[in-house]
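Here are a few exercises to work through with the model open beside you. Try each task before you read its solution.

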Amino acid sequence: MEQEIPEGSVLNQLRLYFNTLQQTGNSYLFVTDMKTGTVLLSDNFVEDFDLPGIVLEDTREGVKWRRA
């Protein structure tokens, strides 16, 4: 379930660690780039709640989904 993270987001630097962490259990994980308001959700979060994608953009102004 690969999806683009906006260029310049700190989430790009954390992606490898996030992907590794989500493989260690079944918790719903998310990490937020407070500067851009972009949120990265774990695969199981998206699948279990039938969400359209793993990236939420600019959540500072409300949620805007980007489809995978």
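**Exercise 1. Find how much area the chain exposes, and what share of it carbon and sulfur atoms supply.**

Step 1: The chain exposes about 4700 Å² (Shrake-Rupley method, 1.4 Å probe; for residues, only the protein chains shown count as cover).
Step 2: Of this area, 52% is supplied by carbon and sulfur atoms.
Step 3: Now turn to the inside: of the 68 residues in the chain, 31% are buried (under 20% relative accessible area; exposed means over 50%, and partly exposed lies in between).

A note on the ground rules: this is a predicted model, where local features need pLDDT of at least 70, side-chain atom pairs count only at pLDDT 80 or more, and totals for chains, interfaces and linings use all residues. Residues are numbered from 1 along each chain as its sequence is written, and side-chain values use heavy atoms, with hydrogens and water left out.

**Exercise 2. Work out where confidence in the chain is lowest and where it is highest.**

Step 1: Start with the overall figure: the mean pLDDT (the predictor's confidence in each residue, from 0 to 100) is 84, and 87% of the residues reach 70 or more.
Step 2: List the elements, taking helices (H or I, at least four residues) and strands (E, at least two) as DSSP runs numbered from the N terminus. There are two helices and four strands, in the order α-β-β-α-β-β.
Step 3: Strand β4 (residues 64–65) has the lowest confidence, with a mean of 61, while helix α2 (residues 43–48) has the highest, at 93.

**Exercise 3. Identify the elements that supply at least two residues each to the largest nonpolar core.**

Step 1: Collect the core (buried Ala, Val, Leu, Ile, Met, Phe, Trp, Tyr and Cys residues joined through side-chain atoms within 4.5 Å). The largest one has eleven residues, including Ile 5, Phe 18, Leu 29 and Val 46.
Step 2: The elements are α1, β2 (38–41) and β3 (55–57). The largest share, three residues, belongs to β2.
Step 3: Look closer at Leu 29, which touches Phe 18, Leu 21, Gln 22, Leu 40, Leu 41, Ser 42 and Phe 45 (heavy atoms within 4.5 Å), leaving aside residues up to four places away in sequence.

**Exercise 4. Decide whether Asn 26 is buried or exposed.**

Step 1: Locate Asn 26 in the loop between α1 and β1 (30–33).
Step 2: Its relative accessible area is 66%, so Asn 26 is exposed.
Step 3: Check the distance to Asn 44, 18 residues away along the chain: the C-alpha atoms of Asn 26 and Asn 44 are 7.3 Å apart.

Terms used. Buried < 20%, exposed > 50% of the residue type's maximum accessible area, 1.4 Å probe, protein only.
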